[in-house]
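Here is a short tour of one protein model, from its packed interior to its open surface. Have the sequence and the 3D view ready.

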Amino acid sequence: MATSLVRTHNDWDPLEEIIVGRIEGARVPKPDVSVTAIDYPDLDPAEVPSGPLPLRVVEETAEDLALLTEALEKQGVRVRRPDVHDHARRFRSLDWESEGASNVCPRDVLLAVGDAIIETPMALRSRQYETLSYRAVLSEYSESGARWIAAPRPRLLDRSYISLGGGNYALDESEPIFDAANVLRVGRDILYQVSCSGNRSGGRWLQSVLGPSYSVHPVEHLYIATHIDTTFTLVRPGLVVANAARVSRDNLPALFRTWDVIYFDEVIDIGYTGAPICSPWVGMNFLMVHPELAIVDHRQGALIRELERWGVHVLPLSIRHARTIGGGFHCVTLDVRRRGELESYR
């Protein structure tokens, strides 16, 4: 009988297989209503730095991802990479035309839960065909017995993107829309961040697909912009790092109220090239190899010391352009198999 190569329930069980993204061909797509509403809401469309990323950013990020791959393989982890894709190629739906972005953040486009790997209904038009670069590995996972699920492709009409005035989210509720990185897996409990990259309809769709073995918990009004993994980073059962600029004891999700919480507020701003696609808090975006080992940006000294104080060993590595490319070590990877069982951590 085939044994699914996809099997993961949380962010800390011992890691066996992972996808690491690619930076080759990465670009900022020409601004449309989705790009300006989600990635660059504070810029005039004429100020969006569209076009290929600077050569230095691409070359140095490729080096950083290669070193990450080498470090993971030394830990006995099988590393997979997406195919190189021409993101400058334009494509169209019946309603709009766009070009691609990159394959640097598999965490954004694919969600692995249990033995399922889900192509999520992304909020950006430019990312609607990004999963094509993962087709070879997705086919292999499916042949092994994994459940390969593709969410209904959203139409992403102009009216899907609404004004951000008054603290509103950027998406309406006309269809399920969410990035995979809006989701945090905590065993049988799934935290789902309602934000400018994930609407409530998307959370309801995810619950219907995952079924009664899981409880999807909408998390609102912690971080309006995009993904959840610069607000919470899971360390091990009962221990989580929380972004102290967004989270306090007053608004901590109920799931974590019996946990130890590291309220972290000493992030180092690493800077960016052009215009940033994410906040300085990408510095707390780290990857757990197993409950005693974390891969952390080497510049985040305060975070490293705090994790070590809690008995976590740290492997410090470099991801020099995280704010420019839109992701730290958690974002640029997707763990697809960890050694462990489905449990409840309430």
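The paragraphs below take the core, then the cavities, then the pockets. Keep in mind that this is a predicted model.

Start inside. The largest nonpolar core has 46 residues. Within it, Leu-68 and Leu-72 have the most contacts. Several elements supply at least two residues each: the strands β1 (15-20), β16 (287-290) and β17 (293-297), and the helices α1 (33-39), α2 (55-74) and α7 (322-325). Among the contributors, α2 gives the largest share, six residues.

Now pick out Leu-68. What does Leu-68 contact, leaving aside its neighbours within four places in sequence? The partners are Val-20, Ile-295, Leu-317, Phe-329, Val-332 and Thr-333. Two of these fall in strands named above: Val-20 belongs to the range of β1 and Ile-295 to that of β17.

Next, the enclosed spaces. How many cavities of 30 Å³ or more does a search of the whole structure find? There are two. The largest holds about 80 Å³. Its lining includes Asp-11, Arg-107, Arg-185, His-330 and Leu-334. Two strands, β7 (110-113) and β10 (183-186), each supply at least two lining residues. By class, the lining has seven nonpolar residues, one polar and three charged.

The second largest cavity holds about 40 Å³. Val-282, Gly-283, Asn-285, Phe-286 and Val-296 are among the residues around it, as are Asp-297, Ile-319, Ala-322, Gly-328 and Phe-329. Phe-329 also appears in the contact list of Leu-68. Here the classes run to six nonpolar, three polar and one charged.

Move to the open sites. The largest pocket has a volume of about 830 Å³. It is lined by 45 residues, and those closest to its centre are Ile-38, Asp-39, Thr-226, Ile-277 and Cys-278. Helices α1 and α7 and strand β2 (27-28) each supply at least two lining residues. Which element gives the most to this lining? The answer is α1, with four residues. Both α1 and α7 also supply residues to the largest nonpolar core. The pocket lining divides into 26 nonpolar, 11 polar and eight charged residues.

Finish at the second largest pocket. About 180 Å³ of space lies there. Of its 14 lining residues, His-85, Arg-89, Phe-91, Tyr-129 and Leu-132 are closest to the centre. This lining has four nonpolar, five polar and five charged residues.

Notes: Residues are numbered from 1 along each chain as its sequence is written. This is a predicted model: local features need pLDDT of at least 70, side-chain atom pairs count only at pLDDT 80 or more; totals for chains, interfaces and linings use all residues. Side-chain values use heavy atoms; hydrogens and water are left out. A nonpolar core is a set of buried Ala, Val, Leu, Ile, Met, Phe, Trp, Tyr and Cys residues joined through side-chain atoms within 4.5 Å. Buried means under 20% relative accessible area, exposed over 50%, partly exposed in between (1.4 Å probe, protein chains only). Contact means heavy atoms within 4.5 Å. On a 1 Å grid over the protein atoms alone, a cavity is a set of points where a 1.4 Å probe fits but cannot get out, and a pocket is an open set with protein on both sides within 12 Å along at least five of seven lines; lining residues have an atom within 4 Å of a point. Grid points are joined across faces, edges and corners, and a volume is the space filled by probe spheres set on the points. Ala, Val, Leu, Ile, Met, Phe, Trp, Tyr, Cys and Pro count as nonpolar, Asp, Glu, Lys and Arg as charged, and the others, Gly among them, as polar.
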